[in-house]
Amino acid sequence: MDPENPKEHDHKKLGKELDLFTFSDAVGKGLPLFTPKGSVIRRELERFIVDEEIKRGYLHVYSPDIAKLDLYEKSGHYPHYKDSMYAPIQIDDEKFMLRPMTCPHHFELFLRKPVSYRELPMRIAELAKLYRYEQSGELMGLQRVRTFCLSDAHIICASEEQAVAEIGKALDLIEYVTSVFGLKLNTDYRYRLSMGDRANTEKYYKNDEAWEKGEDLLRTLMQNRGSKFEEAKDEAAFYGPKIDIQMKNVNGKEDTAFTVQYDFCMPDRFDLTYIGEDGEPHRAFVVHRSSIGAIERIMAFLIEKYGGAFPTWLSPVQAKVLSVSEKHAAYAKEVVTTLKAASIRAEVDDSNESLGKKIRAGKIEKTPYLLVVGDAEVEAKTVSVDSRDSGKQDATLVADLIAKLREEIRTRK
Ligand SMILES: [Zn+2]
């Protein structure tokens, strides 16, 4: 981030300049529209997290964006979370809600058949579209929106020890994700142990003993990991304490980017059980967590973090081929076709502008690789590389460039 001039990195400004997302009054406040370029970034983030979670034993599912009001009454979201939910939708003689959370959907999915202790921990994950009411004064670009896609998961565990171990693994995943983004603990993000308030039984599920125990478990886990964290009262979920990963935007506004929560309430409400070694049903334990958070929110942070100069794997256009003059246009197009066939996102600039202007345009767009083609390159079947991060390089064979870019993309450098 450019500390000299943080406003230059404001994601709302860059989002417009780089044509990543927009809002329309006709669609509604806080409802973002992702452009083709912004959609590339979003899709890459989604692929990254889904693939990483599957590697780590998560089971990815799909569930509907709406459900009966009764479901959220059963989960307790309706009374506790009502102010953040939209009004019910009447369909025939039943009321439905746009979902503010995924939890009850995943619990109902879990309940479809008996589960053995051998299948636990069961990590049910989804890129879930959620809908929450935010006051119009609170809305801010992609950071605060009224609909977002959460990388959500609910981990059903056989014991408290298993739940604590899973919270640790969820934090490992989060630390891996932040390392890929180049985010540093205590610089770009901080840990917060978010606790309840025993006196506020309207906001928090009443069970003093369970709160004490849950908060203690999380505190001990953080201490054992040796991670620095702060404690904050009255910031928990209504069903239990959580570890929040807090990030600030360029204007200093802090939000929760990712979260890991210990839940001692939903297993009872949903009667979540598993069949133990003794053949008897036992009460399960639940961990809620988000790994990459809301895609919209992490995009806002990353746009600001990178100042729009995304690493190659996230760049909407990874290479732009610039023809020196009209007679090189056919070869420029041929290079683009070859790059695309190798799964590299490439574009051609074969406009009638001067090469200098084309290079400037490519730099304004923060394209990682500008590839210049003129007489010499057409003759030798090469491209001259101007890299955003390491400057001008020697002419290279297209095949060699492809190998280099593919490795850079694969390793997410
Ligand atoms: Zn949940």
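The donors of the zinc ion are spaced C-x50-H-x133-H along the chain. Two of them, His 154 and His 288, link distant parts of the chain, 134 residues apart. The model is predicted. Its chain has 413 residues.

**The zinc site**

- Three protein residues act as donors to the zinc ion: Cys 103, His 154 and His 288.
- The donor atoms are SG of Cys 103, NE2 of His 154 and ND1 of His 288.
- These donors lie 2.1 to 2.3 Å from the zinc ion.
- His 154 belongs to strand β8, which covers residues 147–157.
- His 288 belongs to strand β15, which covers residues 285–294.
- Are His 154 and His 288 buried or exposed? Both are buried.

**The fold**

- The chain holds 13 helices and 20 strands.
- Along its principal axes, the C-alpha trace spans about 75 × 50 × 45 Å.
- Take the contacts between residues at least 6 apart in sequence: 70% of them join residues at least 24 apart.

**Burial and surface**

- How much of the chain is buried? Of its 413 residues, 53% count as buried.
- The chain exposes about 19100 Å².
- Carbon and sulfur atoms supply 50% of that exposed area.

**Charges**

- The chain carries 62 positive and 69 negative charges.
- The mean positions of the positive and negative charges are 3 Å apart.

Definitions and conventions. Residues numbered from 1 in each chain as written. Predicted model: local features only at pLDDT ≥ 70, side-chain atom pairs only at ≥ 80, totals over all residues. Heavy atoms only, no water. Donors = N, O, S within 2.8 Å, 3.2 Å for Na, K, Ca; no water. Helix = DSSP H or I, 4+ residues; strand = E, 2+ residues; numbered from the N terminus. Buried < 20%, exposed > 50% of the residue type's maximum accessible area, 1.4 Å probe, protein only. Contact = heavy atoms within 4.5 Å. Areas by Shrake-Rupley, 256 points an atom, 1.4 Å probe, with all protein chains shown as cover. Lys, Arg positive; Asp, Glu negative; His and termini not counted. Charge placed at Lys NZ, Arg CZ, Asp CG, Glu CD.
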